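Here is a short report for a first look at this structure. Please view the sequence and the model before reading on.

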Amino acid sequence: MTRLEKLRKRLGQCDEILLDAILMRHHIIKDIMAYKEENGLNILDPEQEERQKEWLDGRLEDESNASEVWDIFHAIGKASKQMQARKLFDYNIVLIGFMGAGKTSISEYLKTLFAMDVIEMDQIIAEREGMSIPDIFEVHGEQYFRDLETNLLIEMQARKNVVISCGGGTPLRECNVVEMKKNGRVVLLTASPETIFDRVKDSHDRPVIENNKNVPFIADLMEKRRVKYEAAADIVINTDGKSLIEVCEELVQKLLAMDENDK
Ligand code: S3P
């Protein structure tokens, strides 16, 4: 055997070890999830990720190829998150709720936790139309915008295991709710009118409340929409005074409980 052949053989052995280690890692993650579920423990543990990062930082301190190794670990971590997400929810998570209820923040956090793709409906519509939401309302009218929402929701039914962050008005149309439920669980995020006011008061991208940014107007519009929101929701989470991680943990636990009931 030439030296090159020997080296290639050793490389092949390395790949075998890597493959075994990755598969073993996947099994351990599944076991951890099962253990947490069986023992009623929190599913989410972002601090664990921090601990892993610190460990890797320390181990790679004097390594000249540190950034390449980081990339590999990042990819392994992402794959683990996606595996976890697929095991937990084999459907889309559809976030609904009034403006400022936290749909965008929660969807971004779910993305961090589970490496799920996020469909931010307003953002996609604005990008495709090449103008902001207020401009779409101004130029084409609200009905046109609502039709875009419906079409986008229909399009999204081809996707699986993504987070769909709806606009505040999306669940008001019954046909939209039918689309959401085809392969998704609908999560209603709520907050008090005071909290909502606090979250939206400084932004100017919501034409529906732009000229009426005050608590009584918000409370009134929320009440008008409440029945439709609640009718659409599979689960409801109040976000007042809760951190992102608390809301996400509640969301996961409620979805798991719902799936358990459906069995
Ligand atoms: C709307 C909510 C907005 C956006 C549009 C209309 C509504 O989305 O879709 O301005 O009717 O509630 P956010 O809830 O993300 O602000």
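## Polar contacts between the domains

This is a predicted model. Four residue pairs are in polar contact across the interface of domain 1 and domain 2, with both residues of each pair at pLDDT 80 or more. Helix H3, residues 66-88, supplies six residues to the side of domain 1 that touches domain 2. That is the largest share of this side. By class, the side has five nonpolar, three polar and four charged residues.

Charged residues are present there, yet the count of salt bridges between domain 1 and domain 2 is zero.

## Layout and buried area

Where do the two domains fall along the chain? The domain assignment places domain 1 at residues 3-87 and domain 2 at residues 92-262. Their C-alpha centres lie 34 Å apart. Domain 1 gives 12 residues to the contact, and domain 2 gives 13 residues.

The size of an interface is often given as the accessible area lost when the parts come together. Here, the area buried between domain 1 and domain 2 is about 1,000 Å². Carbon and sulfur atoms give 65% of that area. Which residues of domain 1 lose the most area to domain 2? They are Leu-44, Lys-81 and Ala-85. Together these three make up 49% of what the domain 1 side buries.

## Aromatic pairs

The whole structure contains four aromatic pairs. One of them joins Trp-55 and Phe-73. Their ring centres are 5.9 Å apart, and the planes meet at 65 degrees. The pair counts as edge-to-face because the angle is over 60 degrees.

Trp-55 sits in helix H2, residues 46-59. Phe-73 sits in helix H3, the helix that also gives six residues to the domain 1 side of the interface. The two aromatic residues are 18 residues apart, and their pair links distant parts of the chain.

## Salt bridges

How many salt bridges does the structure hold? The count is 21. Among them is the bridge between Asp-147 and Arg-173. The closest N and O atoms of this pair are 2.8 Å apart.

Asp-147 belongs to helix H7, residues 142-156. Arg-173 lies in the loop between strand E3 (163-165) and helix H8 (174-182). The bridge therefore ties together parts that are 26 residues apart in sequence.

Notes. Residues numbered from 1 in each chain as written. Predicted model: local features only at pLDDT ≥ 70, side-chain atom pairs only at ≥ 80, totals over all residues. Heavy atoms only, no water. Domains from an automatic or database assignment. Contact = heavy atoms within 4.5 Å. Buried area = accessible area lost by both parts, 1.4 Å probe. Salt bridge = Lys/Arg side-chain N within 4 Å of Asp/Glu carboxyl O. Polar contact = N/O pair within 3.5 Å; in protein donor to acceptor, adjacent residues only side chain to side chain. Helix = DSSP H or I, 4+ residues; strand = E, 2+ residues; numbered from the N terminus. Nonpolar A, V, L, I, M, F, W, Y, C, P; charged D, E, K, R; others polar. Phe/Tyr/Trp six-rings, centres within 6.5 Å; stacked < 30°, edge-to-face > 60°.
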